[in-house]
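Please open the model in your viewer and keep the sequence panel visible. The tour below proceeds by selection, with a short account of what each one shows.

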Amino acid sequence: MVGVQTPHGTWKKGYGVADPATGTPMEPGMHTRIGSVTKTFTGTMLLQLAEAGRLSLDDTIDAYVEGIPNGDRITLRQLADMTSGVASYTASERFVELFLDQPGVAFSPEDLLTFAVENSPLFEPGTQYDYSNTNTILLGMVIEKTTGQPFETSLRKMVLEPLGLEKTVWPGSRTELPEPYAQGVTLQGVDATPEAPLVATHWNPASLWTAGELISNLDDLLVYGRALGSGQGLLGTEMQQARLRSFRPPDGYGLALRCNGEWVGHTGEVPGYTTVVFHSPRTDTTLVVQANSDMPSGDCEEGKAAQDADEASGLSCSLPAMRIFNAVAPLLGETAPQNTAE
């Protein structure tokens, strides 16, 4: 599903099938899991709390969560911009084996931290960049401690209701998706093969928590993408400008937001789904892509490429949503983002 919103109008289109088993066509409005786009929601809430004076981005994580290596020197800012040195729990072989073997298991945030702490620290806080899902899990815990409410409650009050995002859902440990939804297919998981990929639609999302748990649809993501890039309805001018000045070369990552050229936003990848949400503040253009596959194609490393007729065409290895985004973005007069995905 592809959506483009400009000051001159909105265009939406579905391609392919939403359910390979039935051949049901993909149509705009279907729900998918949006993966790491969730990080921008968590980061926005953190900045809202900082803006309100309820916390400081220079607070250290040990004031909120105990037991994090270098916790007395890692700031909330470093967690948000991925320079904390805390290892990603998803880089733990032990976690990956457990998750893929039992995708129905609901891991708690505390469970996830144990997989990260055993491999941390990776480097001194603030000295390097490393994309870590653990960073955003920790920020979710900070938000809960600061607000005194479950993350889901604060998310609804601080982002979903102000923007009118009625189709964006926090599933918790529930595996269902709202109707209508697209089935997600993946090569991740035990016994998955290119000839017989797995359906990951109802894998338990709790292991993603504030780093990647949200479900949404095209209309909501177009509204949210514009608010994310402009700050309107989410952050005041000063905080939004600080966010847009936070991007660090060469990775282009800032305060729970990525920048490439004139596009600001984020990508998302979870088993079965890939998502891209980007906004160009200069042209006030928002571009969203949702795909119900996380199977890469093109010239990928052996064992990682999907079986596709175009595999040997010389195309660079890319995930579905990002390949589509990179094809559409130049048509809008902008520079397409690099092939990044989380």
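A residue is called buried when its relative accessible area is under 20%, exposed when it is over 50%, and partly exposed in between. Lys-12, with a relative accessible area of 36%, is therefore partly exposed. Please bear in mind throughout that this is a predicted model.

**First selection: Lys-12 and Asp-219**

Keep Lys-12 selected and add Asp-219. The two side chains meet in a salt bridge, with 2.7 Å from N to O. The partners belong to distant parts of the chain: Lys-12 is in strand β2 (residues 9–13) and Asp-219 in helix α8 (residues 218–230), 207 residues apart. Asp-219 is also partly exposed, because its relative accessibility is 37%. In general, side chains of opposite charge can pair when their charged atoms come close.

**Second selection: further salt bridges**

How many salt bridges does a search of the whole structure find? The search finds seven. One of them joins Arg-226 to Asp-284, whose closest N and O atoms are 2.8 Å apart. Arg-226 lies in helix α8 and Asp-284 in the loop between β11 and β12, so this pair ties together parts that are 58 residues apart in sequence. Both ends are partly exposed, Arg-226 at 26% relative accessibility and Asp-284 at 22%.

Next, select Arg-156 and Glu-161. Their salt bridge has its closest N and O atoms 3.6 Å apart. Arg-156 counts as partly exposed, at 34% relative accessibility.

**Third selection: the largest nonpolar core**

Select Phe-41, Ile-61, Leu-76, Leu-155 and Val-159. These are the residues with the most contacts inside the largest nonpolar core, which has 67 residues. Among the elements that give two or more residues to this core are α1 (38–51), α5 (133–147) and α6 (151–163). Now centre the view on Ile-61. Leaving aside neighbours within four places in sequence, Ile-61 is in contact with Ile-68, Gly-71, Ile-74, Leu-76, Leu-79, Leu-138 and Val-142.

**Fourth selection: another core and helix α10**

Apart from the largest core lies another, of 13 residues, including Val-4, Leu-287, Met-322 and Val-328. Display helix α10 (residues 320–328). Which residues of this helix are buried? They are Pro-320, Ala-321, Met-322, Phe-325 and Val-328. The elements that cover them include the strands β1 (2–6), β10 (263–270), β11 (273–280) and β12 (285–291). As a general point, an α-helix has 3.6 residues a turn, so residues three or four places apart point the same way.

**Fifth selection: the second largest pocket**

Select Thr-90, Asn-133, Gln-188, Glu-269 and Pro-271. The second largest pocket holds about 500 Å³ of space. Of the 22 residues that line this pocket, those just selected are the closest to its centre. Two or more lining residues come from each of α3 (93–101), α7 (209–212) and β10, and α3 gives the largest share, four residues. By class, the lining has eleven nonpolar, eight polar and three charged residues.

**Final selection: the largest cavity**

The structure has two cavities of 30 Å³ or more, and the largest contains about 70 Å³ of space. To display its lining, select Arg-33, Phe-99, Ala-200, Trp-203, Asn-204, Pro-205, Ser-207, Leu-208, Val-270 and Pro-271. By class, seven of the lining residues are nonpolar, two polar and one charged.

Key. Residues are numbered from 1 along each chain as its sequence is written. This is a predicted model: local features need pLDDT of at least 70, side-chain atom pairs count only at pLDDT 80 or more; totals for chains, interfaces and linings use all residues. Side-chain values use heavy atoms; hydrogens and water are left out. Buried means under 20% relative accessible area, exposed over 50%, partly exposed in between (1.4 Å probe, protein chains only). Contact means heavy atoms within 4.5 Å. On a 1 Å grid over the protein atoms alone, a cavity is a set of points where a 1.4 Å probe fits but cannot get out, and a pocket is an open set with protein on both sides within 12 Å along at least five of seven lines; lining residues have an atom within 4 Å of a point. Grid points are joined across faces, edges and corners, and a volume is the space filled by probe spheres set on the points. Ala, Val, Leu, Ile, Met, Phe, Trp, Tyr, Cys and Pro count as nonpolar, Asp, Glu, Lys and Arg as charged, and the others, Gly among them, as polar. A salt bridge is a side-chain nitrogen of Lys or Arg within 4 Å of a carboxyl oxygen of Asp or Glu. A nonpolar core is a set of buried Ala, Val, Leu, Ile, Met, Phe, Trp, Tyr and Cys residues joined through side-chain atoms within 4.5 Å.
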